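Biologist: Could we look at this protein together? I would like to learn where each label comes from.

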Amino acid sequence: MGKKQSPEFREKVTVVLKLLCILTTISTSVSIQQEGAEELISSSPKKWEERVIEVEGGPESIIWIVQLSDLHFSVHHPERALDFKKIVGPALKMINPSLVLITGDLTDGKSKDLLTMKQNEVEWIEYQNVMEDVARRSGLDKRIFYDLRGNHDNFGVPEIGGSSDFFSKYSINGQFGRKGNINSVTVETGDRKHLFVGLDSTMSTGVRGPTNLFGHPTDQLLAEIDSQLSQWDSQKGKPTTKISFGHFPLSFSALSQSQKSLKDVFLKHSISAYLCGHLHTRFGKNLKRHHLSNENFLSSLEFFQLNMHPKPSESAKNCSSQAPPLKEFWEWEMGDWRKSRAMRIMAVDKGHVSYLDIDFKTGTKTTIVLPTFPLDSRFMLTSSFHQMYECQHMVPLSFETIRCIVFSISPIMSVVARIYDTRPGSPHLIMETTMAKFVRDVSRGDIYAAAWNYKAFEDPSPDRFWLQIEVTDAMGRSTLSELRPFSVNGLNAKISWTWKEFFVMGCQWAALYYPIFWCAIYLMLSILVIPKICLIFSKEQYSYKTSICEKGLITCIAWGLQDLCRIPVVCFGILGYLIYLISCPWLIGQVFTDSENRGYMTYMGWVVKTFKDSEKHEYIGSPDIMVVVLSHLFSVVIPSILVAGALATERGIYKEHFLSLSGKKEDDDDSSQKNKRSVKYDNQGRGISKFLFVERLFRKILLVACLAICWKHFMNCRVLIKAYEMNPLLHFPVYSLAIPFLLAYAVYKTRSIQ
């Protein structure tokens, strides 16, 4: 047996145990505090300080950036990457921007015949190598480059971080660990902050093209954009200019699940501009759109904006310093590198935003001139500018000089500003002044300015006065800036879209898809069902005779449609086909780059298995599938119904003509009124047959139309076969064969009058 422990010993042991407990608690507490501190640091506003670029060198009142878009590097077109490497590096060295934004479609992802669209790793490796070379040649820090994912960079990518997601591996953002769909950076000078918020609104599950055309902002994405655009709002002091950049124009951006849009967020924060790409230059050079908050807008304007400038709201002038800013912003789509070799320089001069688009198709530029004030009256924030000018105490000192930035590989000898007055009818020079350079010990670029009396150029016409700047370098070369209209009192010069520009910028296609689809469906159902009902239940029967006698458009249409109903296989066949299009899958195709898992497409989108839950299905790619759905309805189905009806009508006319020539008239009764109508019909019928129905010429024209429809349909099917690796007999037999069969049957049934 052991010795009995004394009370003193037990007390000492108790004290030691308590000390151990205290030390363990302190250690655990310190560890928790350290982990909490690290978590706080990672989620605190300090994370934004890592993305704040403090501009070194003067002048402090101005910054400029470069935007490039739609590079489309392709293994089939190596000249795109070669030209980019040769031109962009030296150009960036000359321009020396604070940021370089590359707004999507970095690679092409298309086969040589342009029909198969999926990721190609070779193109991504080329993109990475070219950007390394451009950063080295330009002498710029690679961290100021921000690139975004476009729809081509998302073709067939089932999930972010997957084996076919090469953007995360080879892009500049991916290399710097800029994860997520939102990346923001602030360029700060001594007197102003410039916040740039980039957004990736591509599909979360990217399908192959052509049904991958739209941006798909989610409610979460919109909330993140809202948060990042407001990150400096709580701080007093320096004003903030806010600019967002993305790939998709707003006309090609869908609504979120809660029916909110990017436009709502941008208007809330009154950003200066939204920079985007996607549309290239084949639709026009004025792919710009001014957005203005106006409670008086009609609901139809959710679908259309008829011109570049919406009608401004008539609000009372509020010159209070506490007045809320007017809610407006510009949307500026830029040209593509793919064919146009385009680059944009955008400057923010004391809060005034201006830009210049450069075309490098003709080669490199030795001198570039960007006027920064006065602003181009076609593309400025006119409402806030006009209010500022009306409230004279709000007019800043920035109005007192004409300013420009000059980029050149040679020393500049002189810069001259000229102002022209167009009131007499032809421009004549009214002011010429030499501009002086801002002299600083450390300068980021050549900024020139000249004093002027801006009040002398007040005018109710926004395009009366025009500005042009001439720069002469040491080699004696003269460079002229674009001749631009300006308005110091904030009135905007109107520019009308061409029909192509309106088609892609003025139409909100995501909102228009379902109305257009259902209008087309109801139209076709009406054409097929209503005449059949009238034929069954109405005593009034329309024929060639009644249409000739009454000469009514409605009578002629009713007669033609009833003749179509007399071919029941065609009529009910097309009706059944429409029901199939509404209720059944159209296609079964391979929608991802590598996976063998196929999805099926309906008019509402693609249904595929998700990767988070293999049992769950979801609709994706809507309204992107409109390029297949609407094209099929308007170029194949509707023309087929009309041509089938015309074939039936032609047979009816030919039958009446044949009976009249053979003497077997069907109106030989004792009614004198009917005899008169018969003579009238016979005379007109013979006249028409003389021109159209001798040898059934009209039928031959309709047969050519049938061949054209079938050719268009088979070309559409060929595109889909290549795009989604399908067999028309296995994967979309009803879609591919129904219309040709029904047209062939209509041609067969109308070949004779029997």
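Here is a talk about the words used for this structure and the values behind them.

Modeller: A word first on the source: this is a predicted model, where local features need pLDDT of at least 70, side-chain atom pairs count only at pLDDT 80 or more, and totals for chains, interfaces and linings use all residues. Residues are numbered from 1 along each chain as its sequence is written, and side-chain values use heavy atoms, with hydrogens and water left out.

Biologist: Thanks! How many helices and strands does the protein chain have, and what makes a stretch count as one?

Modeller: The protein chain has 19 helices and 25 strands. Both are DSSP runs numbered from the N terminus: helices are H or I with at least four residues, strands are E with at least two.

Biologist: Why is Ala451 called exposed?

Modeller: Ala451 sits in strand β18 (residues 446–451). Exposed means over 50% relative accessible area, buried under 20%, and partly exposed in between, with a 1.4 Å probe and protein chains only. Ala451 has 60% relative accessibility, so it counts as exposed. Ala451 still touches Glu400, Thr401 and Met431, leaving aside residues up to four places away in sequence; contact means heavy atoms within 4.5 Å.

Biologist: And what makes His72 buried and Lys350 partly exposed?

Modeller: His72 has a relative accessible area of 2%, so it is buried. For Lys350 the value is 35%, so the label is partly exposed. In the protein chain, buried residues make up 51% of the 754 residues.

Biologist: What is notable about phi in those two residues?

Modeller: Most residues other than glycine have a negative phi, and most peptide bonds are trans. Yet His72, in the loop between β2 (62–68) and α3, has a positive phi near 55°. Lys350, in the loop between β11 (342–349) and β12 (352–359), also has a positive phi, of about 55°.

Biologist: Which peptide bonds are cis?

Modeller: One cis bond joins Phe373 and Pro374, with omega about 0°. Pro374 lies in the loop between β13 (367–373) and α9 (382–390). Another cis bond runs from Ser622 to Pro623, with omega near 15°, and Pro623 is in the loop between β25 (617–620) and α15 (626–662).

Biologist: How do you know that the span of helix α17 agrees with what is expected?

Modeller: The expected span is 1.5 Å times one less than the number of residues. Helix α17 (residues 697–724) has 28 residues, so it should span 40 Å; its end C-alpha atoms are 41 Å apart, which agrees. Just after α17, Glu725 takes a positive phi of about 50°.

Biologist: Why are α17 and α19 called roughly antiparallel?

Modeller: Helix α19 (residues 733–749) packs with α17 at an angle of about 170°, and their axes are 10 Å apart. That angle makes α17 roughly antiparallel to α19, since over 145 degrees counts as roughly antiparallel, under 35 as roughly parallel, 65 to 115 as roughly perpendicular and the rest as oblique. Axes are lines fitted to C-alpha atoms, for helices over the stretch in contact, and angles run from 0 to 180 degrees between N-to-C directions.

Biologist: What kinds of residues form the contact of α17 with α19?

Modeller: They divide into eleven nonpolar, two polar and one charged. Ala, Val, Leu, Ile, Met, Phe, Trp, Tyr, Cys and Pro count as nonpolar, Asp, Glu, Lys and Arg as charged, and the others, Gly among them, as polar.
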